[in-house]
Amino acid sequence: QPKILSHDEKIKIANEKIAEAKTTSTEYTALFEKYRIQYVDQTVNQELKKYEDQGAGIRQQIEDLEQNKPMLFGKKDWQEQREKLVQQHQEIRYLHERTKTTERTQRLHDPRFGREVVIKHIEKHHPDLSENYKKAQEFLQALAQLREHKRQQEIEKDKVKQKDKDDDRDH
């Protein structure tokens with residue numbers, strides 16, 4: 001038959017479980033943030049590479065156009081085409097710089113960005129931690145609900161006491 005635990009022993013075990021759950025949550029959160037930052041950087045780098053490739057293509061078109069500059073006829077069309085390419089190149093360069101600075105920062109500050117990808121990555125590569133984290137979260141949520149329930153009970157108890165005091169004064 002299991003040993004009957006004293007109140008102090010129960011409190012000690014509960015506190016150990018709470019500490020374990022908090023440690024697991026902290027470990028998971030740190031790993032999650034590490035992978036999320038890596039995902040943000042990977043995504044930004046892919047976009048930067050795409051803009052660099054587009055910019056290089058446009059620069060090559062400009063250089064090709066420069067090699068074939070007309071002497072007399074078609075200068076106006078050539079100039080318009082060149083200005084259009086230069087404008088496209090400037091737009092790509094702007095997008096590149098914006099992605100490198102503003103977009104990266106916005107993604108880092110948006111906790112939803114990459115969330116699902118990172119969760120799946122952790123589930124796949126760290127299944128024990130992922131499972132322990134889910135259990136820890138369930139435990140901590142249940143504990144929070146118990147505390148809230150106890151707090152509500154105490155509020156109700158205080159209301160009854162106050163009502164009893166008020167009733168005693170009225171008589």
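These legends go with a set of close-up views of one predicted model.

**Before you look.** The model is predicted, with local features needing pLDDT of at least 70, side-chain atom pairs counting only at pLDDT 80 or more, and totals for chains, interfaces and linings using all residues. Residues are numbered from 1 along each chain as its sequence is written, and side-chain values use heavy atoms, with hydrogens and water left out.

**View 1. The whole chain is built from four helices and zero strands.** Going from the N terminus, the order is simply α-α-α-α. Helices here are DSSP runs of H or I with at least four residues, strands are runs of E with at least two, and numbering starts at the N terminus. The C-alpha atoms fill a box of roughly 110 × 55 × 15 Å along the principal axes. The radius of gyration is 32 Å, whereas a compact globule of 171 residues would come in near 16 Å. That radius is taken over C-alpha atoms, and the globule rule is 2.2 Å times the number of residues to the power 0.38. Buried residues make up 21% of the 171; buried means under 20% relative accessible area, exposed means over 50%, and partly exposed is in between (1.4 Å probe, protein chains only). Among contacts (heavy atoms within 4.5 Å) between residues at least 6 apart in sequence, 82% join residues at least 24 apart. The chain exposes about 13600 Å², with carbon and sulfur atoms supplying 51% of it. Accessible areas come from the Shrake-Rupley method with a 1.4 Å probe, and for residues only the protein chains shown count as cover.

**View 2. Tyr28, Phe32 and Tyr133 make one aromatic cluster.** A search of the whole structure turns up three aromatic pairs. Tyr28 and Phe32 count as stacked because their ring centres are 6.4 Å apart and their planes sit at 20 degrees. For the rule itself: rings of Phe, Tyr and Trp (its six-membered ring) pair if their centres lie within 6.5 Å, and planes under 30 degrees apart are stacked, over 60 edge-to-face, and the rest tilted. Both Tyr28 and Phe32 belong to helix 1, four residues apart, or about one turn of the helix. Tyr28 is buried at 6% relative accessibility, and Phe32 is buried too, at 10%. Tyr28 also stacks with Tyr133, at 3.8 Å centre to centre and 10 degrees between the planes. Since Tyr28 lies in helix 1 and Tyr133 in helix 4 (residues 127–170), this pair ties together parts that are 105 residues apart in sequence.

**View 3. Met71, Leu72 and Phe73 form a nonpolar surface patch of about 480 Å².** Patches take residues with over 30% relative accessible area and no salt bridge, joining like charges within 9 Å and nonpolar side chains (Val, Leu, Ile, Met, Phe, Trp, Tyr) within 5 Å. Look for Leu72 in the loop between helix 1 (7–67) and helix 2 (75–109). Leu72 counts as exposed, at 68% relative accessibility.

**View 4. Glu97 and Lys100 pair up in a salt bridge.** A salt bridge is a side-chain nitrogen of Lys or Arg within 4 Å of a carboxyl oxygen of Asp or Glu, and the whole structure has 14 of them. In this one, the closest N and O atoms are 3.5 Å apart. Glu97 and Lys100 are three residues apart in helix 2, so about one helical turn separates them. Glu97 is partly exposed at 36% relative accessibility, and Lys100 is partly exposed at 41%.

**View 5. Glu47, Arg98, Glu103 and Arg107 are linked in a salt-bridge network.** Each of these four side chains is worth picking out in turn to follow the linked network.

**View 6. Asp110 meets Arg112 in a salt bridge.** The N to O distance is 3.1 Å. Asp110 is partly exposed, with 22% relative accessibility, whereas Arg112 is exposed, with a relative accessible area of 65%.

**View 7. Glu148 and Arg151 form a salt bridge in helix 4.** Their side chains meet at 3.0 Å, N to O. The two residues are three apart in sequence, so they are separated by about one helical turn. Both ends are partly exposed: Glu148 has a relative accessible area of 34%, and Arg151 has 43%.
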